[in-house]
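Here's a quick tour of a protein chain for someone who'd rather be at the bench. Have a look at the structure first, then read on.

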Amino acid sequence: MTGTKVIFFDIDGTLTHHEDGSIPWSTRDAIGELLDRGIRVVATGRPLSMCGEIRDLGIETFITANGGYATHGDGVIFQSVLSTQTVEAVSSFAMESGHGLSFYTDSFNMNGIEDRRTMPALFETLGLKEYPPVVEKMGEEVFLMCLFAGDESMHLYHKRFPELTFRRWHPFILNVLETDVSKSIAMKKILDHFGLHPSEAMAFGDGGNDIDMLQLAGMGVAMGNAGAELKSVADFVTKPSGEDGIAFALGELGVISIKARS
C-alpha cells in the first residue's frame with residue numbers, strides 16, 4: 001500500500017487497547033512514523049473533548065459524533081446539527097421511557113438514566129469508566145444523539161418518531177438521525193477537503209459503526225478484537241489492538257518499517 005496518503009483510525013478498541021483503554025507503545029510509534037512520512041492521520045469516534053491523548057500523538061483531524069462532526073485543527077470541515085425540536089422531543093420521551101440518551105456536542109453529556117448495560121457500553125465504545133456529566137437542558141448545537149436501549153423497546157420510538165431513523169451500531173446503542181450520518185460520509189468530506197481519492201485511503205476499525213468506513217477505503221483493516229461482521233468486509237484482519245495490531249498491520253502492508261514491540 002505504498003500509495004496510501006491518509007489513514008482513518010477508530011479510537012476505542014483500535015488505537016486504544018481493547019481491554020484496558022491505554023494506547024500501546026507500538027501504536028504510538030506507528031502513528032509517529034506515519035506522520036513523519038507525511039501520511040495524514042484521522043481519528044474517529046470520540047467527542048473532541050475526550051481526544052486530548054489522541055491530539056498528543058500529533059493527530060489534528062477528527063471525525064466525531066459517528067460522522068456528525070469533522071474537524072481539522074481549529075476548523076470545521078463538516079457538521080450535521082440536529083434541530084432543537086428533535087433534541088427536546090427525543091430527550092423528553094427517553095426520560096419518560098427510562099432510557100439513557102447521550103449528546104455529542106463539542107463535549108459529551110448524558111441524560112442521567114443508567115442501567116446495568118450502560119457503563120459496559122460506554123467503556124466498549126468510548127473507553128469511559130465513569131458516567132458522563134448530566135445535562136438537563138441542552139444549550140449547545142447537538143451533532144448526534146445516541147439512545148441506549150435494547151431491541152425490545154424500539155417499537156415505542158418508531159411509533160412516536162416515524163420521521164426519524166434509529167440506527168443500531170452496538171447491541172445497546174443506536175444513533176438518532178434526522179438525516180443520514182455515518183463515518184463514511186464524513187470521511188468523503190475529509191478526502192474532498194484534502195483532494196484525495198478513497199483508493200489512497202486506509203481505514204482501521206473494530207466496531208459496527210466502522211463497517212462503511214472500511215468499505216469506502218482502498219484498504220480496510222479490521223482489528224483482531226472486532227466482531228465477525230466487520231471482519232467479513234475487511235481486506236485485512238490484524239491482531240487485536242492490545243497485541244500490537246496497528247503496528248503489525250501497517251508493517252505487513254508495507255506502510256511503515258517499524259516492528260511491533262514484544
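A crossover counts as right-handed if, with the strands pointing away from the viewer, the path from the first strand over the helix to the second runs clockwise. Keep that handy for the β-α-β unit further down.

A word on the numbers: this is a predicted model, where local features need pLDDT of at least 70, side-chain atom pairs count only at pLDDT 80 or more, and totals for chains, interfaces and linings use all residues. Residues are numbered from 1 along each chain as its sequence is written, and side-chain values use heavy atoms, with hydrogens and water left out.

**The whole chain**

The chain has ten helices and 13 strands, where helices (H or I, at least four residues) and strands (E, at least two) are DSSP runs numbered from the N terminus. Its radius of gyration is 18 Å, close to the 18 Å that the globule rule gives for 262 residues, so the chain is as compact as a globular protein of that length. (That radius is taken over C-alpha atoms, and the rule is 2.2 Å times the number of residues to the power 0.38.) Along the principal axes, the C-alpha atoms fill a box of roughly 55 × 35 × 30 Å. Buried residues make up 55% of the 262 residues; buried means under 20% relative accessible area, exposed over 50%, and partly exposed in between, with a 1.4 Å probe and protein chains only.

**Around β11**

Start with strand β11 (residues 201-205): five of its five residues are buried, so the strand is largely enclosed by the rest of the structure. Both faces are covered, with Ala201, Ala203 and Gly205 buried on one side and Met202 and Phe204 buried on the other.

What does β11 pair with? Strand β1 (residues 6-10) is one partner, parallel to β11 over four bridges, and Phe8 stands opposite Ala203 there. Strand β12 (residues 219-222) also runs parallel to β11, again joined by four bridges, and here Gly205 stands opposite Ala222. Two strands count as paired if DSSP finds at least two bridges between them. Now for that handedness: β11, helix α8 (residues 211-216) and β12 make a right-handed β-α-β unit.

**The antiparallel sheet**

Five strands form an open sheet in the order β7-β6-β8-β10-β9, with antiparallel pairing. Its edge strands are β7 and β9 (165-170), each pairing on one side only. From one strand to the next, the twist averages 25°, using axes that are lines fitted to C-alpha atoms (for helices, over the stretch in contact) and angles that run from 0 to 180 degrees between N-to-C directions. Inside the sheet, β8 (residues 144-148) and β10 (residues 173-177) pair in the antiparallel sense over four bridges, and Leu147 stands opposite Leu174.

**Helix α5 and its surroundings**

In α5, Thr118, Met119, Ala121, Leu122, Thr125 and Leu126 are buried. Seen down the helix axis, the buried residues fall within an arc of 160°, so they line one face of α5; the arc is that of the directions from the helix axis to the C-beta atoms. In general, an α-helix has 3.6 residues a turn, so residues three or four places apart point the same way. Just after α5, Gly127 takes a positive phi of about 70°.

Ahead of the helix, Arg116 sits in the loop between β7 (108-110) and α5 (118-126). Is Arg116 buried or exposed? Arg116 is exposed, at 72% relative accessible area. Arg116 and Pro198 are 82 residues apart in sequence and 40 Å apart in space, C-alpha to C-alpha.

**Some buried residues to look up**

Two residues that are not glycines have a positive phi: Ala65, at about 55°, and Asp244, at about 65°. Here they are with two other buried residues.

| Residue | Place | Relative accessible area |
|---|---|---|
| Ala65 | loop between β3 (61-64) and β4 (69-72) | 1% |
| Asp244 | loop between β13 (236-237) and α10 (245-252) | 16% |
| Glu33 | helix α2 (residues 25-36) | 10% |
| His170 | strand β9 | 12% |

Glu33 and His170 have polar partners as well. A polar atom of the Glu33 side chain lies 2.8 Å from the backbone nitrogen of Ser257. The side chains of His170 and Glu124 are joined by a polar contact of 2.7 Å. A polar contact is a pair of N or O atoms within 3.5 Å; within protein, one must be able to donate a hydrogen and the other to accept it, and residues adjacent in sequence count only if both atoms are side-chain atoms.
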